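Let's take a walk through this fold together, starting with the whole chain and then settling on one helix and what packs against it. Have the structure open and turn it as you read.

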Amino acid sequence: MIPLFKSHYSIGKSILRPSEIFELAKESNLEKVFLVEDSLVGFLEADKHSKQQEIDLAFGLRINACNKVSTDKKENEKCFHKIIIFAKDGEGCKLVNKIYSKAFCDNEGAIDFPSLKKLWNDKHLILAIPFYDSFIF
């Protein structure tokens with residue numbers, strides 16, 4: 001079993017701060033924290049606490065995805081589902097940042113699969129599909 005955490009940076013999803021997450025992890029003797037966030041805002045703080053507590057951080061970005069992002073918002077709502085992209089290493093963090101930027105600068109917070117495929121690298125990234133979204137996907 002792998003416990004997944006969300007911080008208060010994923011607004012409305014958690015009340016825990018990254019510092020509290022890493023304190024819980026330390027008390028529970030976890031060697032690694034899997035943090036899944038809806039934005040990159042809390043990454044630097046989580047990384048800082050990871051280093052302070054000497055606990056590995058696996059950072060995942062939960063984002064909307066679909067086959068093709070449309071200019072029609074209603075069409076997008078029909079095809080969106082969530083994916084989680086975990087960075088395996090520093091290069092993976094850079095790729096997650098590029099994916100996040102592409103999604104929020106070009107596509108109203110979503111990534112389409114052609115764009116994701118162009119940025120993807122199996123060596124540095126892991127893709128996860130949340131259970132409910134995997135059913136829809």
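A contact here means heavy atoms within 4.5 Å. With that in hand, look at contacts between residues at least 6 apart in sequence: 64% of them join residues at least 24 apart. Keep in mind that this is a predicted model.

Now trace the chain. It has six helices and six strands, and along the sequence they follow the pattern β-α-β-α-β-α-β-α-β-α-β-α. Of the 137 residues in the chain, 42% are buried. On the outside, the chain exposes about 8,600 Å², with carbon and sulfur atoms supplying 54% of that area.

Let's settle on α4, which covers residues 90-106. How far apart should its ends be? At 1.5 Å a residue, its 17 residues should span 24 Å, and the end C-alpha atoms are indeed 24 Å apart, so the two agree. At the N-terminal end, Asp89 acts as the cap, with a side-chain oxygen 3.3 Å from the backbone nitrogen of Glu91. Past the helix comes Glu108, which has a positive phi, near 50 degrees.

Which residues of α4 are buried? They are Gly92, Leu95, Val96, Ile99, Tyr100 and Ala103. Look down the helix axis and you'll find these buried residues within an arc of 140 degrees, so they line one face of α4. Flip to the face turned away from that buried side, and you meet the exposed residues Lys94 and Cys105. As for what sits over the buried residues of α4, the cover includes the strands β3 (56-66), β4 (81-87), β5 (110-112) and β6 (125-128), along with helix α5 (113-119).

That brings us to the interior. The largest nonpolar core has 14 residues, and Ile63, Ile83, Ile85 and Ile111 are the ones with the most contacts inside it. The elements giving two or more residues to this core are β3, β4 and α4. Of these, α4 gives the most, with five residues.

It's worth zooming in on Ile111. Leaving aside residues up to four places away in sequence, Ile111 touches Ile63, Asn64, Ala65, Cys66, Val69, Ile83, Ile99, Lys102, Ala103 and Leu116. Two of the names there, Ile99 and Ala103, also belong to the buried residues of α4. Apart from the largest core lies another one, of eleven residues, among them Phe5, Ile21, Ile55 and Leu57.

Definitions and conventions
Residues are numbered from 1 along each chain as its sequence is written. This is a predicted model: local features need pLDDT of at least 70, side-chain atom pairs count only at pLDDT 80 or more; totals for chains, interfaces and linings use all residues. Side-chain values use heavy atoms; hydrogens and water are left out. Helices (H or I, at least four residues) and strands (E, at least two) are DSSP runs, numbered from the N terminus. Buried means under 20% relative accessible area, exposed over 50%, partly exposed in between (1.4 Å probe, protein chains only). Accessible areas come from the Shrake-Rupley method with a 1.4 Å probe; for residues, only the protein chains shown count as cover. The expected span of a helix is 1.5 Å times one less than its number of residues. The arc is that of the directions from the helix axis to the C-beta atoms. A polar contact is a pair of N or O atoms within 3.5 Å; within protein, one must be able to donate a hydrogen and the other to accept it, and residues adjacent in sequence count only if both atoms are side-chain atoms. A nonpolar core is a set of buried Ala, Val, Leu, Ile, Met, Phe, Trp, Tyr and Cys residues joined through side-chain atoms within 4.5 Å.
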